[in-house]
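Biologist: Could you take me through this structure slowly, one question at a time, and show how each answer is reached?

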Amino acid sequence: MPRVWHISGANTGFGLELALKALAEGDRVIAAVRTPSRVPDSLRNDGVRIIQFDLTWTQEQMNEYSQKAITAFGKIDVLVNNAGYSYMGAIEESEDTAVKAQFDTNVFAQLRLIRAFLPALRDQGSGTILNFSSIGGLRSYPSNGIYCATKFALEGITEALAAEIAPFGLKAAIIEPGYFRTSFLSSVISGANIAPHLSVYEGTVAHEARKAFEKFDGNQRGDPKEGVKRIWEYVADEGLLKGREKLLRLPLGSDTGFTMRDLAREMNETADVYEEVWRSTDIQEV
């Protein structure tokens, strides 16, 4: 039986490439997109169901949507929470309305979608939830703090979720792409998703990061086609992932791998330097 993938944001970037990979392997795809008319022709075939979807929907609307999505092919095997965007700027430059919108899209909408599909997945007794985090879910960067905070949140949610749903035969995993050559930065470069400029930060790391967005766009090292191959292989237990233990986190891109190792070293160093300190704060049993 072919797997059925539900992919949010399936019309561009990682979502589109993953959908095409799944189709190439004989699987089926539910392409959940905000604007169905913008879905490329490559997804318009019998193996795809294109369904209008919006991350701003309430829990009730998400619940209704999940029933519609499940009836498309009769089941969902892989729920891919990929859709989202980045709101950039220094912390002081950020504005409440934009920050709340960022969290609603990147965190709360993902929660609503997961809640909507879990009852059906439990009834199946099988299924995998893949939540797209980022290298920014491991480490935060200047002028990326709000976006990274949403990915930190998604990491914590998924870690708990994986343990909670394991008794039902379900899995959850965190996908952690580094900098891949997609259109991800285009909305930032256009000025649509970046906080107003504060001149006091001119010449600091925050504004150097701002300037780097355009320079970096199109020069990322990550290959999206290779990235989605690893994601498909993780689910299918094929290729480079065949026979490997399927851990909670799937790092993609050499930048993510090296960052993960650097972070592990830093955490070990911190624990070593402050060992006397953290041990001193326990209640001393007599």
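Modeller: Two strands are said to pair if DSSP finds at least two bridges between them. Please keep in mind that this is a predicted model.

Biologist: How many bridges join strand β1 to β4?

Modeller: Strand β1, residues 4-8, runs parallel to β4, and within this pairing Ile 7 has Val 80 of β4 as its bridge partner. Since at least two bridges are needed for a pair, the strands qualify, and the number of bridges that join β1 to β4 is 3.

Biologist: Which residue in β5 stands opposite Leu 79?

Modeller: Strand β4 also pairs in the parallel sense with β5, residues 127-132, over 4 bridges. Along β4, Leu 79 and Asn 81 point one way while Val 78 and Val 80 point the other, and all of them are buried. The residue in β5 that stands opposite Leu 79 is Ile 129.

Biologist: Why is the pair of Phe 14 and Phe 132 described as tilted?

Modeller: A search of the whole structure finds 5 aromatic pairs. In the pair of Phe 14 and Phe 132, the ring centres are 5.6 Å apart, and the two residues, in helix α1 and strand β5, are 118 residues apart along the chain. Planes under 30 degrees apart would count as stacked and over 60 as edge-to-face, so the pair is tilted because its planes stand at 55 degrees.

Biologist: Is Val 277 buried, partly exposed or exposed?

Modeller: Val 277 lies in helix α9, residues 275-280, and belongs to a nonpolar surface patch with Val 273, Tyr 274 and Trp 278. Its relative accessibility is 48%, and because buried means under 20% and exposed over 50%, Val 277 counts as partly exposed.

Note on methods
Residues numbered from 1 in each chain as written. Predicted model: local features only at pLDDT ≥ 70, side-chain atom pairs only at ≥ 80, totals over all residues. Heavy atoms only, no water. Buried < 20%, exposed > 50% of the residue type's maximum accessible area, 1.4 Å probe, protein only. Patch = residues over 30% accessible without salt bridge, like charges linked within 9 Å, V, L, I, M, F, W, Y side chains within 5 Å. Areas by Shrake-Rupley, 256 points an atom, 1.4 Å probe, with all protein chains shown as cover. Salt bridge = Lys/Arg side-chain N within 4 Å of Asp/Glu carboxyl O. Phe/Tyr/Trp six-rings, centres within 6.5 Å; stacked < 30°, edge-to-face > 60°.
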